[in-house]
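Reader: Could you pick one part of this model and walk me through it closely? I would like to see how it connects to what surrounds it.

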Amino acid sequence: MQQAYPNGHFYAETPTSFCWKYSVQPSSLSGTYQFKICYKEGKHVDVFALDKLSLCEGEKGLPHVYNTDKQHLCIYHRPSEEWNASHKITEIIPWISEWFYYYENWLVTAKWLGGGIHRGKKE
């Protein structure tokens with residue numbers, strides 16, 4: 001990861017898990033968003049937004065997340081193994097940038113246009 005994204009910050013949490021902090025700018029008109037990826041050996045990766053994300057007017061939670069309070073982003077559909085431990089973690093960096101792109105659109109339209117499956121329903 002450090003080789004592909006040298007500005008990222010890597011730190012070990014335990015001997016079998018680590019987190020990596022990085023930032024993305026989804027488009028030239030976008031802000032920059034900081035996030036962290038946490039990985040435990042043989043498991044899935046978890047992605048968390050580090051900057052406090054705003055909500056659309058009238059909304060009580062973020063779209064397409066596992067947990068609004070923790071800002072735990074839903075980047076891929078785990079049951080279908082779009083990503084699993086046999087893949088490189090760097091493969092999801094563009095997906096994270098895309099999530100923030102659709103998040104910015106959601107702030108304006110109040111509609112999640114990023115598609116995907118979440119909580120058992122197709123969005």
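**A close look at Gln71 and the strands around it**

Author: Happy to! Leaving out residues up to four places away in sequence, Gln71 touches Val47, Phe48, Ala49, Leu50, Asp51, Lys52, Leu53 and Leu62 (contact means heavy atoms within 4.5 Å). The model is predicted, so local features need pLDDT of at least 70 and side-chain atom pairs 80 or more, while totals for chains, interfaces and linings use all residues. Residues are numbered from 1 along each chain as its sequence is written, and side-chain values use heavy atoms, without hydrogens and water.

Where does Gln71 sit? Its place is the loop that joins β5 (65-67) to β6 (72-73) (strands are DSSP runs of E, at least two residues, numbered from the N terminus). Gln71 has a relative accessible area of 6%, and therefore counts as buried (under 20%, with over 50% exposed and partly exposed in between, using a 1.4 Å probe on protein chains only). A polar atom of the Gln71 side chain lies 3.0 Å from the backbone oxygen of Ala49. Ala49 is also among the residues that Gln71 touches.

That brings us to β4, the strand of residues 45-49, where five of the five residues are buried. Val45, Val47 and Ala49 point to one side of β4, with Asp46 and Phe48 pointing to the other, and all of them are buried. Among these, Val47, Phe48 and Ala49 are touched by Gln71.

β4 also has partners in the sheet. Towards β6, β4 runs antiparallel, and two bridges join them (strands pair if DSSP finds at least two bridges between them). On that side, Phe48 has His72 of β6 as its bridge partner. With β3, residues 33-40, β4 pairs in the antiparallel sense over five bridges, and here Tyr39 stands opposite Val45 of β4. β3 and β4 form a hairpin with four residues between them, and Gly42 in that turn has a positive phi of about 80°.

Stepping back, what is the order of the strands in the sheet? The sheet is open and has six strands, in the order β1-β2-β3-β4-β6-β5, with antiparallel pairing. β1 (9-14) and β5 each have a single partner strand, so they stand at the edges and one side of each is left without a neighbour in the sheet. The loop that holds Gln71 thus connects β5, one of these edge strands, with β6.

The other edge is worth a visit too. β1 pairs with β2, residues 17-24, in the antiparallel sense over five bridges. One of the links between them is Tyr11, whose bridge partner in β2 is Cys19. Ser17 belongs to β2 as well. With a relative accessible area of 11%, Ser17 is buried. Its side chain makes a polar contact of 2.7 Å with the side chain of Thr14 (a pair of N or O atoms within 3.5 Å, one able to donate a hydrogen and the other to accept it, where residues adjacent in sequence count only if both atoms are side-chain atoms). Setting aside neighbours within four places in sequence, Ser17 is in contact with Ala12, Tyr39 and Lys40. Tyr39 takes us back to β4, since it is the residue standing opposite Val45 there.
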